[in-house]
Amino acid sequence: MSLTYSEIKGQYQALQQTYDYMLSKREELTAFVQAQDVKSVTFVGCGSSYCLSEAAAFTFRLRTGLPAVALAAGDLMLHARRYRPLLEGTLIIAPSRSGSTSEVVEALRQVQAIQRTPVLAISCVENSPLAQVADCALALPWAFDHSVCQTRTVTNLYAVNLLLAAFLAGDEALIADLQAAIQQGEAYMARTEEGIRRTSDFAWSNAVVLADGELQGLAAEGAIALTEIAKTQAHSYHLLDVRHGPMVTIGRETLVIAALSDNDVDHQRNLMQDLKERGATVIAFADRADVLPQDIVDLAITTDQPLDAAVRGIPFIFIPQIAALSSAERHGINPDQPDGLMAWVKL
């Protein structure tokens, strides 16, 4: 058994610890953000953390009433002075596995040297370099991935960002749904893993991950997991946007993983039909069976109960993780140590 597989399968146990930890910090975190009197929120990350930042920025815009953007840390590090107007009155939130990625730490140092900007750091290491440049720091050591590619860490950082938004918005339903997703997680993985492995067991050479809204950032992360773990080309798009150009790359050697919603089922069904007509193998995910065109797709996956749109991202990301791992196993690729990658970048 690979370390990557162990970490994927251990993500819900870690999520419960993260959930409990965050609820214990709720008053402290809410008071910290409110004390900053911020006008916006800026998420900063690299790689998987940047994908999570994109998802979190969407969540904050949608749910807290605060403008929010995501910046790639390397971009900010190179252009800190240029982006000064964007950072006026902002709170920077930096999610990171290691808290040691050079671009993130250096970008925040440069921003702080230009103007006073409050920073909330979230990492899976205690007393990290990132925590040392932050005004408030959260540490989730139980969610740290020791394999190079992030899996368990991703879902836990995603959950932290959701809970932060829920705390600021007073969204008790979102908090409750997150707990529900965690509680059904072990059974969900046991029920769906074999189907994901079986459906993705063919000679696919490229993968496409489709999702909208708050799940789009996670779709991008799913594409990264497929690229890093399975060493194959993978891309993410908004659901219907795949027709606007990327459809030409889809064929018999394509694995498509799509998150569907309960809005406008007919348009989504028509898209699944188009993908199948081009020869793709399609795994479709939703939180309701009646949303899924089960007569069209190769595998239809549902959650055990309806969930908030953003919370669905937690069971959704399991699909590309297992598909990537299964492909790596078939091709004799070591998923724990992909050639050419390191766990985090040190410049």
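**A walk through a predicted model**

Hello everyone, let's start with a pair of strands: β1, residues 40-45, runs parallel to β2, and five bridges join the two. One of the places where they meet is V44, whose bridge partner in β2 is L71. Please keep in mind throughout that this is a predicted model.

Now let's put those strands into their sheet. In what order do the five strands of the open sheet come? The order is β2-β1-β3-β4-β5, with parallel pairing. As a reminder, strands of a sheet pair through backbone hydrogen bonds, either parallel or antiparallel. Which strands stand at the edges of this sheet? They are β2, residues 68-72, and β5, residues 136-139; each has a single partner strand, so one side of each is left without a neighbour in the sheet. From one strand to the next, the twist averages 20°.

A helix comes in here as well. Helix α4, residues 48-63, packs on the sheet and touches β1, β2 and β3, the last of these being residues 90-96. If you compare directions, α4 makes an angle of about 170° with β2.

Next, follow β3 across to β4. These two strands run parallel and are joined by five bridges. In one of the pairings, S96 has S123 in β4 as its bridge partner. Is β4 enclosed or open? Five of its five residues are buried, so β4 is largely enclosed by the rest of the structure. In a regular strand the side chains alternate between the two faces of the sheet. You can follow that pattern here: V119, A121 and S123 point one way from β4, while L120 and I122 point the other way, and all are buried.

I122 is a handy link to our next stop, since I122 is in contact with N161. N161 sits in helix α9, residues 152-169. Is N161 buried or exposed? N161 is buried, at a relative accessible area of 3%. Beyond its neighbours within four places in sequence, N161 also contacts F43, L52, A56, F60, I93 and P95.

Staying in α9, have a look at L163. L163 is buried too, with a relative accessible area of 1%. Which residues does L163 touch, once those up to four places away in sequence are set aside? The list is Y19, M22, L23, I175 and L178. For a sense of distance, L163 and Q179 are 16 residues apart in sequence, and their C-alpha atoms are 11 Å apart in space.

Now to the aromatic rings. How many aromatic pairs does a search of the whole structure find? The search finds four. Let me show you the one made by F285 and F316: the ring centres are 5.6 Å apart and the planes are at 45°, so the pair is tilted. This pair links distant parts of the chain, with F285 in strand β9, residues 281-286, and F316 in helix α14, residues 313-330; the two are 31 residues apart. F285 is buried, with a relative accessible area of 1%, and F316 is buried as well, at 0%.

Let's move to a couple of loops. Most residues other than glycine have a negative phi, and most peptide bonds are trans. Against that background, N127 has a positive phi, near 55°. You will find N127 in the loop between β4 and α8, the helix at 129-132. N127 counts as exposed, at 67% relative accessibility. D264 also has a positive phi, near 50°, and lies in the loop between β8, residues 254-259, and α13, residues 265-277. At 46% relative accessibility, D264 counts as partly exposed.

Finally, let's step back to the whole protein. There are 14 helices and ten strands. Why can we call the protein as compact as a globular protein of its length? Its radius of gyration is 19 Å, close to the 20 Å that the globule rule gives for 347 residues, so the description fits. The C-alpha trace spans about 55 × 40 × 40 Å along its principal axes. Buried residues make up 60% of the 347. Among contacts between residues at least 6 apart in sequence, 76% join residues at least 24 apart. As for the outside, the accessible surface comes to about 13,600 Å², and carbon and sulfur atoms account for 48% of that.

Thanks for listening!

Terms used: Residues are numbered from 1 along each chain as its sequence is written. This is a predicted model: local features need pLDDT of at least 70, side-chain atom pairs count only at pLDDT 80 or more; totals for chains, interfaces and linings use all residues. Side-chain values use heavy atoms; hydrogens and water are left out. Two strands pair if DSSP finds at least two bridges between them. Helices (H or I, at least four residues) and strands (E, at least two) are DSSP runs, numbered from the N terminus. Axes are lines fitted to C-alpha atoms, for helices over the stretch in contact, and angles run from 0 to 180 degrees between N-to-C directions. Contact means heavy atoms within 4.5 Å. The radius of gyration is taken over C-alpha atoms; the globule rule is 2.2 Å times the number of residues to the power 0.38. Buried means under 20% relative accessible area, exposed over 50%, partly exposed in between (1.4 Å probe, protein chains only). Accessible areas come from the Shrake-Rupley method with a 1.4 Å probe; for residues, only the protein chains shown count as cover. Rings of Phe, Tyr and Trp (its six-membered ring) pair if their centres lie within 6.5 Å; planes under 30 degrees apart count as stacked, over 60 as edge-to-face and the rest as tilted.
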